[in-house]
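Here are some short exercises on charged side chains, each with a worked solution. Have a go at each task before reading on.

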Amino acid sequence: MGSSELRSPTLNLYIACPQLTPAASTFPAAASNYCQLDELLTEEEKDLQIKVRQFMENEVAPIISKFWEKAEFPFHLIPKMSTLGIAGGTIKVNR
């Protein structure tokens, strides 16, 4: 998987969240690798990075401004996030 696959098109948040101001209407494309950290990732980690990005664009971006304005958290997303394997215990214990 090359770095070009990590560059997704810019998400137009103004369509997903019409109450946003025009200045905050775009979610930046995942094109920045300033410190070249992507080269340190395994293929599995790169795949996870893409899955998390897609989740954020598809599940979080369309609803997050409503929760932000109410100072609430979208707890209904937690079970969906758990399927990504990005939270919880990450330390493996050898017994």
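**Exercise 1: a pair in one helix**

K46 is buried, its relative accessible area being 14%. This comes from a predicted model.

Task: Which side chain does K46 meet in a salt bridge?

Solution:
- Step 1. The partner of K46 is E43, with 3.8 Å from N to O. That counts as a salt bridge because the cut-off is within 4 Å.
- Step 2. Both K46 and E43 belong to helix α2 (residues 43–60), where three residues, about one turn of the helix, lie between their positions.
- Step 3. E43 is partly exposed, at a relative accessible area of 40%, whereas K46 is buried.

**Exercise 2: another pair in helix α2**

Task: Find how far apart the closest N and O atoms of R53 and E57 are, and classify E57 as buried or exposed.

Solution:
- Step 1. The closest N and O atoms of R53 and E57 are 3.0 Å apart, and the two residues form a salt bridge.
- Step 2. Since they are four residues apart in helix α2, about one helical turn separates R53 from E57.
- Step 3. E57 has a relative accessible area of 14%, so E57 is buried, the limit being under 20%.

**Exercise 3: a link between helices**

Task: Which residue forms a salt bridge with K80?

Solution:
- Step 1. E59 does, with 3.1 Å between the closest N and O atoms.
- Step 2. This pair joins distant parts of the chain: K80 sits in helix α4 (residues 78–82) and E59 in helix α2, 21 residues apart.
- Step 3. K80 is partly exposed at 38% relative accessible area, and E59 is partly exposed at 29%.

How values were computed:
Residues numbered from 1 in each chain as written. Predicted model: local features only at pLDDT ≥ 70, side-chain atom pairs only at ≥ 80, totals over all residues. Heavy atoms only, no water. Helix = DSSP H or I, 4+ residues; strand = E, 2+ residues; numbered from the N terminus. Buried < 20%, exposed > 50% of the residue type's maximum accessible area, 1.4 Å probe, protein only.
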